[in-house]
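Biologist: Could you take me through one small part of this model, slowly and in plain words? I'd like to see what sits around a single residue.

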Amino acid sequence: SATTSSWLTCSNACPLFKECYAKKGYHQKLHADKITSGARGYEFKELCNQIMELRPGTLLRLNVSGDLPSEDYSTEERKIDINKLLDLKLSASIAKAKTYTYTHLHCDNKNKEWNLKACKSFSDKDFVINISTENKRVAAKLYHEGHDVVITDTKLFNFAVEHQQTAGKKATLVTKEGTVDLFPCDAQYKKSNCAKCKKCAEYNRSELVIFKKH
């Protein structure tokens, strides 16, 4: 199961704000556009009610596009609304759903630390918030600060796949922040999908998950 949120939830400080895969994909863009306009979808309370009705054990991805709820959408700043984030987590917990999502709200210059703290505080084995990055140094830094991190970097993705296929083991990223293993997204080079892999739903994992731009 999966949700989509309004484009308003996104931070325009996100490096992929204008070239997000969801804005380039016809069907997802159309869906998200209708949610943003109010022509489709639920108010937040009803969304939580729908989540609570999921079958136990459901793998739930929050926000195929869009981001976590923020306190205010009248400015360009995005500060995570911890009350709504708690509602989402409680709803998923009631449903006994295995939940994961991704966020770029750490990119907000003013609320970066608040947003990172909120993500770390709410993440656990059944509710994983992945920090989305596009820079290797930033990705390594956030990983070593205790976050579950993903990175979009086609060159790094291709390197990790080639290394894994030729050396038979995971590639590593070495920075001044430390060393971390690399896990290229299965669905982007194998006959796989999120339901089979579930790597992004692993809490406190030992790898950076890498995506190529798509």
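Modeller: Sure, let's pick Gln 164, which lies in helix α7, residues 154-167. Helices here are DSSP runs of H or I with at least four residues, strands are E runs of at least two, and both are numbered from the N terminus. Before we go on, this is a predicted model, where local features need pLDDT of at least 70, side-chain atom pairs count only at pLDDT 80 or more, and totals for chains, interfaces and linings use all residues. Residues are numbered from 1 along each chain as its sequence is written, and side-chain values use heavy atoms, with hydrogens and water left out.

So, how open is our residue? Gln 164 counts as partly exposed because its relative accessibility is 22% (buried is under 20%, exposed over 50%, partly exposed in between, with a 1.4 Å probe and protein chains only).

Now its company. Skipping neighbours within four places in sequence, Gln 164 touches Lys 169, Lys 170, Leu 182, Pro 184 and Tyr 189, where a contact means heavy atoms within 4.5 Å. With Tyr 189, the side chains also share a polar contact of 2.9 Å; that term means a pair of N or O atoms within 3.5 Å, and within protein one must be able to donate a hydrogen and the other to accept it, while residues adjacent in sequence count only if both atoms are side-chain atoms.

Follow Pro 184 next: this residue stands opposite Ile 210 in β7. Strand β7 (residues 207-211) pairs with β6 in the parallel sense over 4 bridges, and pairing takes at least two DSSP bridges. Strand β6 (residues 178-184) also runs antiparallel to β5 (residues 172-175), joined by 4 bridges, with a hairpin of 2 residues linking β5 to β6.
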